[in-house]
2 protein chains.
Amino acid sequence: MDAKPPYYAVIFSSRLADDTGYHEAADAMLALGSAQPGFLGFESARGQDGHGITVSYWASLEAIAAWRAQAEHRAAQREGRARFYERFQVHIARVERAYSFEASPT
Amino acid sequence: MDAKPPYYAVIFSSRLADDTGYHEAADAMLALGSAQPGFLGFESARGQDGHGITVSYWASLEAIAAWRAQAEHRAAQREGRARFYERFQVHIARVERAYSFEASPT
């Protein structure tokens, strides 16, 4: 990601109760979220135990609030609570510093 | 996690090059990190594609700096760069808000 801190991260960690239709719904939300103003990027990992972490990065708290209030996203949040998630936890955090490492080709 | 914001998160996302011995090394680092002053908790997910995200939570930036400088952890960081990781990215962020959801038993 090319943005320079400070920017914001939404850390969403979840355990799936039922993944029927989940991946399609998640892909649709990613496509919609990526088009929101202030969206900077995202990363996601889910293990075979159904526990996953998705981190999305945003330019401002206002951008996060707008995405949270977006109509189709609100419908997806309701469906997530009703069907997909056994539990989830959200952390909203201000990124202060970022660095990365890439192995040299061998 | 019971801590009330503000506290800090280290978002570590990585792609493994070689996972031989990785899980033992990661478990050892988790045990060591958990015993550090200011450690609040952690969560981790890794998909079958080798991409993983680990988030650890800390009471302060000083606690993160102390953990980063810890001798065995420094040795593990060197081994990670030399052997395990194809690439990784680290975000250090100040958690401003946290909330969670748990499904009612059905």
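These are my notebook entries on what I looked up in this predicted model of chains A and B.

**Entry: how the two chains relate**

I began by superposing the copies. Chain B lands on chain A after a rotation of 180° with 0.0 Å of shift along the axis, and the RMSD is 0.0 Å. The two copies are therefore related as by a two-fold rotation axis. I then checked which surface each copy uses, and the same one serves both: 100% of the contact residues of chain B recur in chain A.

**Entry: the interface**

Next I looked up the contact itself. Chain B puts in 37 residues, and chain A puts in 37 residues. Together the chains bury about 3500 Å², with 56% of that area on carbon and sulfur atoms. I wanted to know which residues of chain B lose the most area to chain A. They are His91(B), Tyr99(B) and Phe101(B), and together they make up 21% of what that side buries.

I also searched for charged and polar pairs. The rule finds 0 salt bridges across the interface of chain B and chain A. For polar contact, it finds 20 residue pairs across that interface, both residues being at pLDDT 80 or more.

Then I asked which strands of chain B supply the side that touches chain A. Strand 1 (7–16), strand 2 (39–46), strand 3 (51–58) and strand 4 (85–102) each supply at least two residues. Strand 4 of chain B gives the most, with 18 residues. By residue class, the side of chain B that touches chain A divides into 18 nonpolar, 9 polar and 10 charged.

**Entry: the proline pairs**

On to the backbone, where I keep one general point in mind: most peptide bonds are trans. In chain A, I find that the peptide bond from Pro5(A) to Pro6(A) is cis, with omega near 5°. Pro6(A) sits in the segment before strand 1 (7–16) of chain A. I looked at chain B too, where a cis peptide bond joins Pro5(B) and Pro6(B) with omega about 5°. Pro6(B) lies in the segment before strand 1 of chain B.

**Entry: Ser34(A)**

Last, I picked out one residue of helix 1 (residues 22–34) of chain A, namely Ser34(A). Is Ser34(A) buried, exposed or partly exposed? Its relative accessibility is 35%, so Ser34(A) counts as partly exposed, since that class runs between 20% and 50%. A polar atom of the Ser34(A) side chain lies 2.5 Å from the backbone oxygen of Leu30(A). I also took a distance from Ser34(A) to Thr20(A): the two are 14 residues apart in sequence and 23 Å apart in space, C-alpha to C-alpha.

Note on methods:
Residues are numbered from 1 along each chain as its sequence is written. Chains are lettered from A and ligands numbered from 1 in the order in which they are written. This is a predicted model: local features need pLDDT of at least 70, side-chain atom pairs count only at pLDDT 80 or more; totals for chains, interfaces and linings use all residues. Side-chain values use heavy atoms; hydrogens and water are left out. Helices (H or I, at least four residues) and strands (E, at least two) are DSSP runs, numbered from the N terminus. Buried means under 20% relative accessible area, exposed over 50%, partly exposed in between (1.4 Å probe, protein chains only). A polar contact is a pair of N or O atoms within 3.5 Å; within protein, one must be able to donate a hydrogen and the other to accept it, and residues adjacent in sequence count only if both atoms are side-chain atoms. Copies are superposed by least squares on the C-alpha atoms of residues with pLDDT of at least 70 in both. Contact means heavy atoms within 4.5 Å. Buried area is the accessible area (1.4 Å probe) that two parts lose on being put together, summed over both. A salt bridge is a side-chain nitrogen of Lys or Arg within 4 Å of a carboxyl oxygen of Asp or Glu. Ala, Val, Leu, Ile, Met, Phe, Trp, Tyr, Cys and Pro count as nonpolar, Asp, Glu, Lys and Arg as charged, and the others, Gly among them, as polar.
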